[in-house]
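User: Could you take me through the ion pairs and the overall make-up of this model, with the reasoning spelled out?

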Amino acid sequence: MSEYKVREVAKILAVSDDTVRRWIDDGSLVASRDGGRIHVDGKSVAELAIRLAEGKADTDHGVSTRNELAGIVTRVQVDGVMAQVDLQCGIYRVVSLISAEAVREMGLEVGSPATALIKATNVSVKSGILP
């Protein structure tokens with residue numbers, strides 16, 4: 001049976017070490033402890049990777065952003081490889097510059113529900129309304 005260090009799992013799943021530890025704590029990943037070291041079960045990593053890829057896992061664990069504003073897309077302007085997405089989140093207008101590919105993948109268009117994910121001076125966008 002394959003086992004991984006927390007750091008290795010984080011690299012494989014493209015998340016932070018803290019996210020991996022949260023997944024261990026909430027049971028999304030199986031792990032054992034040997035003294036102060038954590039060993040993550042390889043099979044559980046593979047299963048979670050598949051669920052993440054299929055969108056069947058709680059992907060909010062992979063988001064380190066804490067400030068979220070639910071809203072609606074009011075404007076999408078695509079220019080080459082980049083796009084400007086305007087959201088109206090209650091009384092707040094939020095503007096984000098993201099890739100045109102991301103706009104296509106999320107199916108963002110005027111009237112789409114979306115959530116602004118805000119961290120420091122960066123704003124990310126995820127499709128859909130907060131649960």
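The questions below move from the overall make-up to the individual salt bridges.

User: How many helices and strands are there in the protein?

Analyst: In this predicted model, the elements read along the sequence follow the pattern β-α-α-β-β-α-β-β-β-α-β-β. Counting the elements of each kind gives 4 helices and 8 strands.

User: What share of the residues counts as buried?

Analyst: A residue counts as buried when its relative accessible area is under 20%. The protein has 131 residues, and the share of them that counts as buried is 31%.

User: Which residue forms a salt bridge with arginine 21?

Analyst: The structure holds 2 salt bridges, and in the one that involves arginine 21 the closest N and O atoms are 3.2 Å apart. Both partners lie in helix H2 (residues 17-25), 3 residues apart, about one turn of the helix. Arginine 21 counts as partly exposed at 36% relative accessibility, and its partner, likewise partly exposed at 46%, is aspartate 18.

User: Is aspartate 86 buried or exposed?

Analyst: Aspartate 86 forms a salt bridge with arginine 93, and their closest N and O atoms are 2.8 Å apart. Arginine 93 has 56% relative accessibility and therefore counts as exposed. Aspartate 86 has 3% relative accessibility, under the 20% cut-off, so aspartate 86 counts as buried.

User: What percentage of the exposed area do carbon and sulfur atoms supply?

Analyst: The protein exposes about 8,300 Å². Of this area, the part supplied by carbon and sulfur atoms is 51%.

Note on methods:
Residues are numbered from 1 along each chain as its sequence is written. This is a predicted model: local features need pLDDT of at least 70, side-chain atom pairs count only at pLDDT 80 or more; totals for chains, interfaces and linings use all residues. Side-chain values use heavy atoms; hydrogens and water are left out. Helices (H or I, at least four residues) and strands (E, at least two) are DSSP runs, numbered from the N terminus. Buried means under 20% relative accessible area, exposed over 50%, partly exposed in between (1.4 Å probe, protein chains only). Accessible areas come from the Shrake-Rupley method with a 1.4 Å probe; for residues, only the protein chains shown count as cover. A salt bridge is a side-chain nitrogen of Lys or Arg within 4 Å of a carboxyl oxygen of Asp or Glu.
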